[in-house]
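Student: Hi, could you walk me through how the chains here split up and where the pieces touch?

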Amino acid sequence: MTENNAKDGAYNYAYLDEQTKRMIRRAILKAVAVPGYQVPFGGREMPLPYGWGTGGIQVTAAIIGRDDTLKVIDQGADDTTNAVSIRRFFANVAEVATTTRTEEATVIQTRHRVPETPLGEGQILVFQVPIPEPLRMLEPRETETRTLHALSEYGVMQVSLYESIARHGRISKGYNYPVMVNGRYIMSPSPIPKFDNPKLDRSPALQLYGAGREKRIYAVPPYTPVKSLDFDDHPFEIETWQQCCELCGSKDSFLDEMIVDDDGKRLFVCSDTDYCERRRTPAEAAE
Amino acid sequence: MYVAVKGGETAIAHSLDLLADKRRGDRGVAELTLEQIGQQLGLAVDRVMTEGSCYDRSLAALAIKQARGDLIEAIFLLRAYRTTLPRFGDSLPLDTGAMVAERRISSTFKDVPGGQVLGPTYDYTHRLLDFSLAADGERPAAPTAPADTNRTLPRVGDILEREGMLEPPPQGLQSDGASEDLTRQPLTLPASRPVRLQNLARGDEGFLLALGYSTQRGYGNNHPFVGEIRYGHVPVAFVPEELGFAIEIAEIDVTECEMVNQFAGSHDVPPQFTRGYGLAFGHSERKAMSMALVDRALRAEELSESATSPAQDEEFVLAHSDNVEASGFVQHLKLPHYVDFQSELVVVRALRAEVEARHRQAALDQAAE
């Protein structure tokens, strides 16, 4: 798409036509009313490929307005190629202000991370979801999993976590760690690291989850309890590192690991680029 | 080193420039025109229109040019354009019985009313590379008779049906007015037959071909015969609300395939032939035939057959037929997954440390004994 398509009126504001936006907003309202429930919606073909954030993009397109400030991250970073591509798309079709600063954004579209900076009321976090169904890898049939959700029949999930403990001595799930929302629906938090799961619990921000290829939207309204599944004798725990961030020295952020030379020397840095840069800036200013 | 993951914006801009350059190729070679693609790569255009669910030859040609001949990419381009178009209503169902056929064959009867018409087909070509095409050589135009627009071609299926040998068209094939649209509503299962047919019509030709083939090799065999294949022009009629009567708005080329399949009968129904249906834009026989085989396979439950093979599994077939979805999701693995991978590294390292510690302890215990 060329950069002036939106401005010359070739496409509607925020790409989607108003009918479609209305349909998506209705799905979002339903999702907010039933936290954790996957609402089917008439997902559209987007000009970006399925699996590259089309669900998140449709949700963002349906809620965004000219007054909004948008932040887009992928793997926690504002400058990864797909985040750049999506941000450019909205800057083009929605003429919206963009930012990398977490607290300045009204809408944050994310893939695989929740920002380290705590979110506040009025902010909306839009997740890109590849496989919305938390039971999918245990039961491939949609017709079956919908029934299991309807009946709150979550035995298969408990058994799979138990099997992991029996085999490995712990729940060996690092990302896309299943959560129970509002004591009713088991939900996929999307492939965020389990490190981020506690940030979902009773968050003051609205969480919207969009799965474009699978045509599902679900939501966690502000201040909703979100519990990571565990057992009394095997409580949920998050990743920890012996290292701290090489750039900002943070000891309590999620770290990305990089291989920096042929001998396999490792470097650990914050995955959240905004968080990391901001921690470094005041230090630099003080010098 | 950290800089390597930054600078995405500039990298993308350069990548787009490189891509445009690759697409154009050697500037010394004349650029392809859309007319050339439409005229000389017509079957590629047909496939892109079919799976792109949009009948527009010039847009499909443009998509093929832009995609450098990658047809799945071209289908994606056309779909992404189609989704932005306003909809002003549903056409009346096509009457393929009124087709002005360029080709029409039946493999169930030696002769049928209207006759067997071979038309343009690769079926009887010898697959020898024609080196005269490599040189510039104009061929003389093929002799043709003027199309007989008054000739009607009764459907072979209808003739069999009158005799009671073939079931009437299955439920949902006739328009009930309130049509479901797979491009506007999410797929829900079990799906109605119109939705199934929509899905198959948009489905990847290769996927349907393999599934149809699998039924012939015994994975859900339903003993198919080509009742009829026809390819030609059909008018599209539409009833504008303000007029209240049908007007012709277009003429399109379609390929239709009706399979006639064996059916053993059941307790209440005497043995009777059943139908599988395929329809594609343009001249797309392989697609229409594959679609008809899979359509029939998916009717297993309705016909009280045991559904044990992949081609008979509605959820499996409908959820995986779309090549735009499949291509996107397979290729999304190219996107960064550092964070998920880091989580896995942390978990696997911890598990390995535990096992190593156990081994060390066991070795110590053994040494102590």
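Tutor: Happy to; we'll take chain B and then chain A. This is a predicted model, where local features need pLDDT of at least 70, side-chain atom pairs count only at pLDDT 80 or more, and totals for chains, interfaces and linings use all residues. Residues are numbered from 1 along each chain as its sequence is written, while chains are lettered from A and ligands numbered from 1 in the order in which they are written.

Student: Cool. What are the domains of chain B?

Tutor: Chain B has domain 1 (7-82), domain 2 (96-122 + 152-170 + 180-327) and domain 3 (337-369). The bounds come from an automatic or database domain assignment.

Student: How far apart are the centres of domains 1 and 2 of chain B?

Tutor: Their C-alpha centres lie 29 Å apart. The contact takes 13 residues from domain 1 of chain B and 15 residues from domain 2 of chain B, counting two residues as in contact if their C-beta atoms, placed from the backbone, lie within 7 Å.

Student: Which element gives the most on the domain 1 side?

Tutor: That's α3(B), with seven residues. The elements giving two or more residues there are α3 (42-52) and α5 (71-82) of chain B; helices are DSSP runs (H or I, at least four residues), numbered from the N terminus.

Student: Switching over, what about chain A?

Tutor: Chain A is split into domain 1 (18-132 + 179-228) and domain 2 (240-287), with 26 Å between their C-alpha centres. Here 14 residues of domain 1 of chain A contact seven residues of domain 2 of chain A.
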